[in-house]
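Q: Could you take me through one part of this model at close range, and then show me what else is worth a look around it? I'd be glad of an explanation I can follow with the structure open beside me.

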Amino acid sequence: MPLASHDVFTAPDWWRQAVVYQIYPRSFADVNGDGIGDLKGITSRVPYLQELGVDAVWLSPFYPSALADGGYDVDDYRDVDPRIGTLDDFDEMVATLHAAHIKVVVDIVPNHSSDRHEWFKAAVAAGKGSPERDRYIFRDGKGEDGQLPPTALRSIFGGDAWHRVTEPDGSPGQWYLHLFAKEQPDFNWDHPDVHADFLATLRFWSDRGVDGFRVDVAHGLKKNLDRPFDAMIRVDDGVVDAGDGQHPLWDRDEVQDIYAEWRTVFNEYDPPRTAVAEAWVQPHRQARYSSPAGLGQTFNFDLLRADFSADDFHEVIDRNLKAAAEVGGSTTWVFSNHDVVRHATRYGLPPVPARAGAPGAGEAGRGNDGKQWLLEGGDPAEVDAERGLRRARAATLFMLALPGSAYLYQGEELGLQEAGQIPDAARQDPAFFRNREIEIGRDGCRVPLPWTREGSSFGFGPDGAHLPQPSWYADYAVDVESADPASTLNLYRRALALRHELECAEALEWWEVSTSVLGFARPNGWCAVTNFGTDPIPLPEGEVLLASGQLAAGELPGETTVWLRR
Ligand code: GLC
Ligand code: CA
């Protein structure tokens, strides 16, 4: 296949306006037939990625792991899970992607290791007061026999954020902190070994040709646990103060010192390695993570959280472009990832009267925050999938014309809906098991991809899939959509090809802003306009380049985006 225009690949600032495609390796493609996606599976699908037109892939963790949290519980940061492949497979994958001019970003998980990491095993074995324990966060329990957790802190996945170990002599012992699952002990980032080891990991992958890093829970590494606070741990909860004017856990100023250190490693390479922070922080704090002296880029989840509304999109885009410009970074846009309900489903959530007043209950009562509804066990049968997909296509086409980089999640290019009805026994997400009463977990967006209408596991692999695929997956299979000019896959392919042709300076000028329509122009006459309402509007003048849905004569239908040249 001929290579598309590749200025992006060779430019040192390739990341500024890149389209980055997130691969969840265990659910992408399985070559050896054990039901688990593997690195050879990714290598085998490089032609698909190339035809799609992405600039980079970001791989969710592929490291050795017991999968207590889908691989975000890492046993060894410098190896590949034998069920997924080998380091040789990794090198072959990188070489194949690079030959196709696709950059490679890997996921780094610095907040916690797994409880099978050699340091953690050593920490438990070495006992109280040992230097080994000091690399993690161990505390004595409260109560007469230390039988109560040190604080009332709750884990993000539900339950206590402390777990008690058994000491080497068999007695009940100290407690360690785990903000996520109990198999994910938090590192002590006040310890020099932890700093040194992560620098070694960054060099290890950079030396193997990795172009950048996605930094998991980037806002969580530094903690001040001096006060025995009983706080909730969400970021929005700005009222909690560790006694030093900062939140005890999240987005503490000192966390940036770590990234300044990482930056010196990134800059040892040519081109410098890049990084993007996963930092769920207040909007005005995001810029710290995007500074060129730090990680350089941060996920901006504002569009993901916004309603499908012209007002909300307008406000979010303005705010983020301004914030990025202030630090000289570039902004990012995300609608879907492995942690949230797929946006083709989010945008089709039914009006739920019982949810009136609930956060996210937006226009016409259609809240679009998946966590508010589907994750709480809302019935997927009530989702208006057609409307959800129509809006998702419109929103994505609008987003792909914006300056900044676009993060896509595997399967969204097929318009995949959330696989909401997974039997309890087949679920894997710890958020489901630890939080059973509250949420259903994230497995519904992690179901292996359908590649073919027929065949075992819709072409995912020769022998089944590790999460059950619904029968309607057949309609979204890559071979089905490839053959249909109006499919979502072909829309994404055309959009990405055009984006490469049209890409220009990172500026944007609004030319139409109303309560239901949003249009903007890029410096070279490339325009996008979205009708967020349901009634058609007159089609603006200009040469039509692409539309997210069928255009009627002279009209832009509701919930549709068009790209124009003016
Ligand atoms: C991030 C990941 C999520 C994981 C958590 C703990 O939020 O995206 O999947 O569960 O960190 O590592
Ligand atoms: Ca496999």
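A: Happy to; we will begin with one helix, go on to the ligand, and end with a few single residues. Please keep in mind that this is a predicted model.

Let's start with helix H5, which covers residues 118–126. Which of its residues are buried? They are Trp119, Phe120 and Ala123. Looking down the axis of H5, you would find these buried residues within an arc of 95 degrees, so they line one face of the helix. The general geometry helps here: an α-helix has 3.6 residues a turn, so residues three or four places apart point the same way. Now turn to the face of H5 that points away from the buried side: there you will see the exposed residues Glu118, Lys121 and Ala125. And what lies over the buried residues of H5? The cover includes strand E4 (138–139), strand E6 (172–177) and helix H6 (192–207). Just past the end of H5 comes Gly127, whose phi is positive, at about 85 degrees.

Next, the ligand. Ligand 1 is surrounded by 14 residues, and the closest are Asp69, His112, Asp216, Glu278 and Asp339. Sorted by class, this shell holds seven charged, four nonpolar and three polar residues. Some polar pairs are easy to pick out on screen. His112 places a polar side-chain atom 2.9 Å from an oxygen atom of ligand 1. For Asp216, an N or O atom of the side chain is 2.8 Å from an oxygen atom of the ligand. Arg442 also takes part, with a polar side-chain atom 3.0 Å from an oxygen atom of ligand 1. As for cover, ligand 1 on its own exposes 310 Å², and the protein buries 95% of that.

Now for some single residues, beginning with Thr331. You will find Thr331 in the loop between helix H10 (310–327) and strand E9 (332–334). Is this loop residue buried or exposed? Thr331 has a relative accessibility of 7%, so it counts as buried. Leaving out residues up to four places away in sequence, Thr331 touches Arg16, Gln297, Asn300, Asn320, Leu321, Ala324, Pro403, Gly404 and Ser405.

Thr274 sits in strand E8, residues 274–277. With 10% relative accessibility, Thr274 counts as buried. Its contacts, apart from neighbours within four places in sequence, are Trp14, Trp15, Asp211, Gly212 and Phe213.

Ala495 belongs to helix H16, residues 488–502. At a relative accessible area of 1%, Ala495 is buried. Setting aside neighbours within four places in sequence, Ala495 is in contact with Leu397, Leu400, Leu546 and Trp563. One of these partners, Leu400, is 95 residues from Ala495 along the chain, yet their C-alpha atoms are separated by 7.5 Å.

Finally, go to Val46 in helix H3, residues 46–52. Val46 is buried, with a relative accessible area of 4%. Not counting residues up to four places away in sequence, Val46 touches Thr96, Leu97 and Ala100. Val46 and Leu249 make a pair to set beside Ala495 and Leu400: they are 203 residues apart in sequence, and 40 Å apart in space from C-alpha to C-alpha.

Notes
Residues numbered from 1 in each chain as written. Chains lettered and ligands numbered in written order. Predicted model: local features only at pLDDT ≥ 70, side-chain atom pairs only at ≥ 80, totals over all residues. Heavy atoms only, no water. Buried < 20%, exposed > 50% of the residue type's maximum accessible area, 1.4 Å probe, protein only. Helix = DSSP H or I, 4+ residues; strand = E, 2+ residues; numbered from the N terminus. Arc of directions from axis to C-beta. Contact = heavy atoms within 4.5 Å. Near = heavy atom within 4 Å. Polar contact = N/O pair within 3.5 Å; in protein donor to acceptor, adjacent residues only side chain to side chain. Areas by Shrake-Rupley, 256 points an atom, 1.4 Å probe, with all protein chains shown as cover. Nonpolar A, V, L, I, M, F, W, Y, C, P; charged D, E, K, R; others polar.
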